[in-house]
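Here is a set of short exercises to work through with the model open beside you. Try each task before you read its solution.

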Amino acid sequence: MYALQVIPISTLFSDYKDAFTPCRPFPYRESVISWLQMIGRENKFMLVTKLSDSRGIKRRGMVKLACERSGTYRGMSQRVGKGKAAKIDLKPRTEEEEETGRTETGTKKCGCPFLINIKENVDSLWYVTVICGRHNHDPAKNLDDHSFAGRLDKGEQVVVVQMTKGNVKPRDILNTLKQRDVKNVLTMRTIYNTRQKFRIEDAGGRTQMQQLLHILEKNKWMSWHRKHPDTNVVTDLFWSHPDSIKLLRCFSSVILMDCTYKTNMYRMPLLENVGITSTHLTFSVGFAFISSETHANYVWALENLRSILDG
């Protein structure tokens, strides 16, 4: 029989203690964390905050950074505290899982021992101490699949918000950020999530319809809408840009109207009104979402159009 040979981690993986040991302390908490995470990216490791203690009256600040693969996976039963019951809808096990008694799960955590301690001293400077500089896994080949590496910093978030306000397409926003930083590993999903977060914050608790009416009023668009008397749901909506109104009052001889389908998730027809200038160029007069193509809906839309002409 052959005896199993246990090889210690110190002989398998390199020690990164020197790489994460700075030559001087840092004046700010954010600066030391940013520097350590930058060194981690250069070595194909992602560092996350394991423990953080803010500055108090009688204590100094302290932060512990660990590898994103530190710790072990905790099941739902372990995450529920004592005396707390959690109703969990579990999927039925397969035959293989019934035989082994285990459910197939996936996790990045492998108990990596890498740990860095950052502590504020009496001189209000932040000092770095590498408690363990070794990993128990190989560095990543690339960081494209790491969600933490694809996070936006505050400067990049401002760029995304400003370009979103300028109606720039998400792919153009992503290209702009990648041109600014060649090592950027952002994905399109990160841009979508940031745009959605900005829209929710900008709405200020308003619903989508309330936000739309608020934007029309804020930008001084002319708009009318009708609601169902019982359900209070908007059934028709008409809006027109101020510049389109000026053109309409100058060139009101010919107006073309047509309904377009499959333009929205509510399957409401979009009635478009188009005018023609003296140079034979077309311009959009106004648009209307109508609940159905009935005589009453068209009369309502044309009455709003006439009210624009009447001033």
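**Exercise 1. Decide whether Cys132 is buried, partly exposed or exposed, and whether Cys132 or Cys67 takes part in a disulfide.**

Solution. Keep in mind that this is a predicted model.

Step 1: Start with the accessibility of Cys132. Its relative accessible area is 22%, and the partly exposed class begins where the buried class, under 20%, ends. Cys132 is therefore partly exposed.

Step 2: Look for a partner. The cysteine sulfur closest to that of Cys132 belongs to Cys112, at 7.4 Å. A disulfide needs the two sulfur atoms within 2.5 Å, so 7.4 Å is too far for a bond.

Step 3: Repeat this for Cys67. Cys67 is buried, at 1% relative accessible area. Its closest cysteine sulfur is again in Cys112, 3.9 Å away, which is also too far for a bond.

Step 4: Check the result against the whole structure. The search there finds zero disulfides.

**Exercise 2. Find which elements build the largest nonpolar core, and what Val32 touches.**

Solution.

Step 1: Pick out the core. It has 19 residues, and Phe20, Val32, Leu36, Phe114, Ile116 and Ile118 have the most contacts inside it.

Step 2: Assign it to elements. Two or more residues each come from helix H2 (29-42) and from strands S2 (62-67), S3 (115-120) and S4 (126-132). H2 gives the largest share, with four residues.

Step 3: Zoom in on Val32. Once neighbours within four places in sequence are set aside, Val32 is in contact with Phe26, Ile118, Trp126 and Val128.

Step 4: Look for a further core. Another one, of 13 residues, lies apart from the largest core, and its members include Leu248, Leu271, Ala288 and Trp300.

**Exercise 3. Work out which residues of helix H9 are buried, which are exposed, and what the buried ones pack against.**

Solution.

Step 1: List the buried positions. In H9 (residues 242-250) these are Ser244, Ile245 and Leu248.

Step 2: View the helix down its axis. The buried residues fall within an arc of 100 degrees, so they line one face of H9.

Step 3: Turn to the other side. There you will find Lys246 and Cys250, which are exposed.

Step 4: Identify the packing partners. The buried residues of H9 pack against strands S5 (222-227), S6 (234-240), S7 (255-260) and S9 (282-289), and against helix H10 (295-310).

**Exercise 4. Classify the aromatic pairs Tyr16–Phe45 and Phe26–Trp35.**

Solution.

Step 1: Recall what is needed. An aromatic pair is described by the distance of the ring centres and the angle of the planes. The count here comes to six aromatic pairs.

Step 2: Take Tyr16 and Phe45. Their ring centres are 5.2 Å apart and their planes stand at 75 degrees, so this pair is edge-to-face.

Step 3: Place the two rings in the chain. Tyr16 is in the loop between helix H1 (9-12) and H2, while Phe45 is in the loop between H2 and strand S1 (47-53), so the pair ties together parts 29 residues apart in sequence. Both Tyr16 and Phe45 are buried.

Step 4: Compare Phe26 and Trp35. With 5.6 Å centre to centre and 45 degrees between the planes, this pair is tilted. Phe26 is buried, with a relative accessible area of 7%, whereas Trp35 is partly exposed at 23%.

Step 5: Look for rings joined in a group. Trp239, Phe287 and Phe289 are linked by ring pairs into a cluster.

**Exercise 5. Locate Asn167 and Arg267, and describe their phi values and exposure.**

Solution.

Step 1: Begin with Asn167. Although not a glycine, Asn167 has a positive phi of about 60 degrees.

Step 2: Place Asn167. It sits in the loop between helix H5 (154-165) and helix H6 (170-180), and it is exposed at 71% relative accessibility.

Step 3: Do likewise for Arg267. Its phi is positive too, near 60 degrees. Arg267 belongs to the loop between S7 and strand S8 (270-276) and is exposed, with a relative accessible area of 71%.

Note on methods: Residues numbered from 1 in each chain as written. Predicted model: local features only at pLDDT ≥ 70, side-chain atom pairs only at ≥ 80, totals over all residues. Heavy atoms only, no water. Core = buried A, V, L, I, M, F, W, Y, C linked by side-chain atoms within 4.5 Å. Buried < 20%, exposed > 50% of the residue type's maximum accessible area, 1.4 Å probe, protein only. Contact = heavy atoms within 4.5 Å. Arc of directions from axis to C-beta. Phe/Tyr/Trp six-rings, centres within 6.5 Å; stacked < 30°, edge-to-face > 60°.
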